[in-house]
Amino acid sequence: MAKTPDFAKTMQDMMANFPIDTSSMKDAMKSQTMLGERLTRVALTAAERSTDISAQWAKDSIARMGELAAIKEEPTDYAKAMSDFASASAEMAAEHMASFAEVAKKVQMDTVDLMLKAGKDLSAEGQNVAEKAAADNAATVKKAAATVAAK
C-alpha cells in the first residue's frame, strides 16, 4: 500500500530557510503603541481642560443665581435682575464657548502634528525595511547562484 508522504519535515526545512525578520513587526508595533499613547495623552488633556471649563461655567452660573434670588424692594428690580442675569449668562456662554473652541483647536493642531510625525516615521521605517529586504534578497540570490554554480 502507498504511504502518504510526510510534508511536515519539508515545511519545517522550507520555513527554516525562508528569511523572516520579525524586528520590523516589533518596530511597527512599538511605533503604533507610541502613537496611541500620544493621542491618548492629547485626548485626556483636552477632556481635563473641558471639565475645568464646564466646572467654572457652573460655578459662575450658580453665583449669578444667588444674585437673582435675593429679595428686591420694587417689582421692577426683579425684572432688572432677570435682565442682568440673562445678559450675564449670554456673556458667560460666549466666553466659555470660546474656551471650548480653544481646546478643540489645540487638540486639532496636536493631532495633525502627531499624524505628520507618524507619517514621517512610517516612511523612514518603510525605507529601512525595503533596503534591508533588498540586501537580504541580493545575498540570498548570490548564495543560490553560488550553490548552482558549484553543482
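The legends below describe close-up views of a predicted model. Local features require pLDDT of at least 70 and side-chain atom pairs pLDDT 80 or more, whereas totals for chains, interfaces and linings use all residues. Residues are numbered from 1 along each chain as its sequence is written, and side-chain values use heavy atoms, with hydrogens and water left out.

**View A. Model confidence along the protein chain.** The mean pLDDT (the predictor's confidence in each residue, from 0 to 100) of the protein chain is 86. A value of 70 or more is reached by 95% of its residues. Among the elements of the chain, α2 has the highest mean pLDDT, 90, and α1 the lowest, 76. Helices are DSSP runs (H or I) of at least four residues, numbered from the N terminus.

**View B. The aromatic pair of W57 and F100.** One aromatic pair is found in a search of the whole structure. The ring centres of W57 and F100 are 6.4 Å apart and the planes meet at 45°, so the pair is classed as tilted. Rings of Phe, Tyr and Trp (its six-membered ring) pair if their centres lie within 6.5 Å; planes under 30 degrees apart count as stacked, over 60 as edge-to-face and the rest as tilted. The pair links distant parts of the chain, 43 residues apart: W57 belongs to helix α2 (residues 23-69) and F100 to helix α3 (residues 75-150). W57 is partly exposed, at 23% relative accessible area, and F100 is likewise partly exposed, at 23%. Buried means under 20% relative accessible area, exposed over 50%, and partly exposed in between (1.4 Å probe, protein chains only).

**View C. Salt bridges within helix α2.** Five salt bridges (a side-chain nitrogen of Lys or Arg within 4 Å of a carboxyl oxygen of Asp or Glu) are found in the whole structure. One of them joins R41 to E37, with the closest N and O atoms 2.8 Å apart. These two residues are four apart in helix α2, and therefore separated by about one helical turn. R41 is partly exposed at 46% relative accessibility, as is E37 at 46%. Another salt bridge joins E67 and R64 at 3.8 Å, N to O; E67 and R64 are three residues apart in helix α2, again about one helical turn. R64 is partly exposed, at 34%.

**View D. A salt bridge in helix α3.** The side chains of D110 and K106 form a salt bridge of 3.0 Å, N to O. Four residues, or about one helical turn, separate D110 and K106 in helix α3. D110 is partly exposed at 25% relative accessible area, and K106 at 47%.
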